[in-house]
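This briefing is intended for a reader who has the model open alongside the text. Please consult the sequence and structure shown below.

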Amino acid sequence: MLAFLVARPLIAILLAAVVGGVIWFSTRSTTTPVTHRQERVALTEAQQMQLGNQQYAKTLRENRARIVSSGAGYQQVQRVAKRIETQASRDKPKFIWRVTLIRKNEANAYCLPGGKIVVYTGILPITRNDAALATVLGHEVAHATAEHSAERIAREQLTQVATAIIAGGVAFTPSQYVRVVALLGAGGAAAGLHFSRDQESEADHIGLIYMARAGYDPHQAVAFWKRMLRASKGKEPPEFASDHPSDAHRIEQIEKWLPEAEKARAASRKSSVS
Ligand SMILES: [Zn+2]
């Protein structure tokens, strides 16, 4: 094939143009919240919601006996998620947000495309307070509002596979299915998915602004990450700590964004008073 193309540069160029064109037309351009980055994503918001809802329903079915629906942890997760969701809704008004707490001894949480959030009880001893939980939820929700899964699906040219999964079709292989599900962020690092480093860093930035706009002290984000660093030493990092340059670098970056976050917090306080 390669020799064939080398011998026929014009055909190779045409072929590249066709493939490039298909990718271009099956994706769309959008801008991330807070960081205002131009990105190309696959799938409409409605399709992302469908894909996320399918995965969410599956997760709830599989964990029916482990769903926590009362108690202090449940109350805290509902309370904090509501405040974060209010901020995220401004960027993605069509998304329908919901959070489920699952009894699992793993320090993890994730948000599916379209706004369905899953939190494991194992994160609560590390978050300890509302502001730290808001740091985690802000980060996870930012992956959804910045459409990071849809961006990965576009980059890996899995748009057609994802569309077939939404339609309940069969036009994909099991490995393609597994890959798309992994890109949704479900299951965390254990599922082998990874957002890119840039996306992780961006989720940190957007999430910090969300938690500050929700009225939480952004300095608590730094305190949380230091606790997380100690807790995850020698263990598999959770989703939000995965594939990141290093936690020390992450803390450094967050400290750099603190003035912006403090401004966001002050502005939201002023607007809620008036
Ligand atoms: Zn993340």
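The points that follow cover a strand pairing, a cavity and a set of salt bridges.

The structure is a predicted model. Strands β1 and β2 pair in the antiparallel sense, one cavity of 30 Å³ or more is counted, and twelve salt bridges are present. R28, in strand β1, is joined by a salt bridge to E147, which lies in the loop between α6 and α7.

**The β1–β2 hairpin**

- Strand β1 spans residues 27-31 and strand β2 spans residues 38-42; five bridges connect them in the antiparallel sense.
- At one position of this pairing, T27 faces A42 of β2.
- S29 has R40 in β2 as its bridge partner.
- Six residues lie between the two strands of the hairpin, and V34 adopts a positive phi near 65° there.

**The largest cavity**

- The count gives one cavity of 30 Å³ or more, and the largest cavity encloses about 60 Å³ of space.
- Its lining consists of T135, H139, A203, D204, G207, L208, A221, W225 and I254.
- Three helices, α6 (130-145), α10 (197-213) and α11 (219-231), each contribute at least two residues to this lining.
- Helix α10 makes the greatest contribution to the lining, with four residues.
- By residue class, the lining of the largest cavity comprises five nonpolar, three polar and one charged residue.

**The salt bridge between E147 and R28**

- Side chains of opposite charge can pair when their charged atoms come close.
- The side chains of E147 and R28 form one salt bridge, with an N to O distance of 2.7 Å.
- This pair links distant parts of the chain, since E147 belongs to the loop between α6 and α7 (148-155) and R28 to strand β1, 119 residues apart.
- Are the two partners buried or partly exposed? E147 has a relative accessibility of 2% and therefore counts as buried, being under the 20% cut-off.
- R28, with a relative accessible area of 26%, is partly exposed because this value lies between the 20% and 50% cut-offs.

**The salt bridge within helix α7**

- R155 and E151 are joined through their side chains by a salt bridge of 3.0 Å, N to O.
- The two residues are four apart in helix α7, so about one helical turn separates R155 from E151.
- R155 is partly exposed, at a relative accessible area of 47%, whereas E151 is buried, at 3%.

**The salt bridge between E156 and R152, and a network**

- A further salt bridge brings together the side chains of E156 and R152 at 2.9 Å, N to O.
- E156 is partly exposed, with a relative accessibility of 29%, while R152 is buried, with a relative accessibility of 11%.
- Salt bridges with shared partners also connect R37, E39, E151, R155 and E202 into one network.
- The network thus includes both R155 and E151, the pair whose side chains meet at 3.0 Å in helix α7.

Key. Residues are numbered from 1 along each chain as its sequence is written. This is a predicted model: local features need pLDDT of at least 70, side-chain atom pairs count only at pLDDT 80 or more; totals for chains, interfaces and linings use all residues. Side-chain values use heavy atoms; hydrogens and water are left out. Two strands pair if DSSP finds at least two bridges between them. On a 1 Å grid over the protein atoms alone, a cavity is a set of points where a 1.4 Å probe fits but cannot get out, and a pocket is an open set with protein on both sides within 12 Å along at least five of seven lines; lining residues have an atom within 4 Å of a point. Grid points are joined across faces, edges and corners, and a volume is the space filled by probe spheres set on the points. Ala, Val, Leu, Ile, Met, Phe, Trp, Tyr, Cys and Pro count as nonpolar, Asp, Glu, Lys and Arg as charged, and the others, Gly among them, as polar. A salt bridge is a side-chain nitrogen of Lys or Arg within 4 Å of a carboxyl oxygen of Asp or Glu. Buried means under 20% relative accessible area, exposed over 50%, partly exposed in between (1.4 Å probe, protein chains only).
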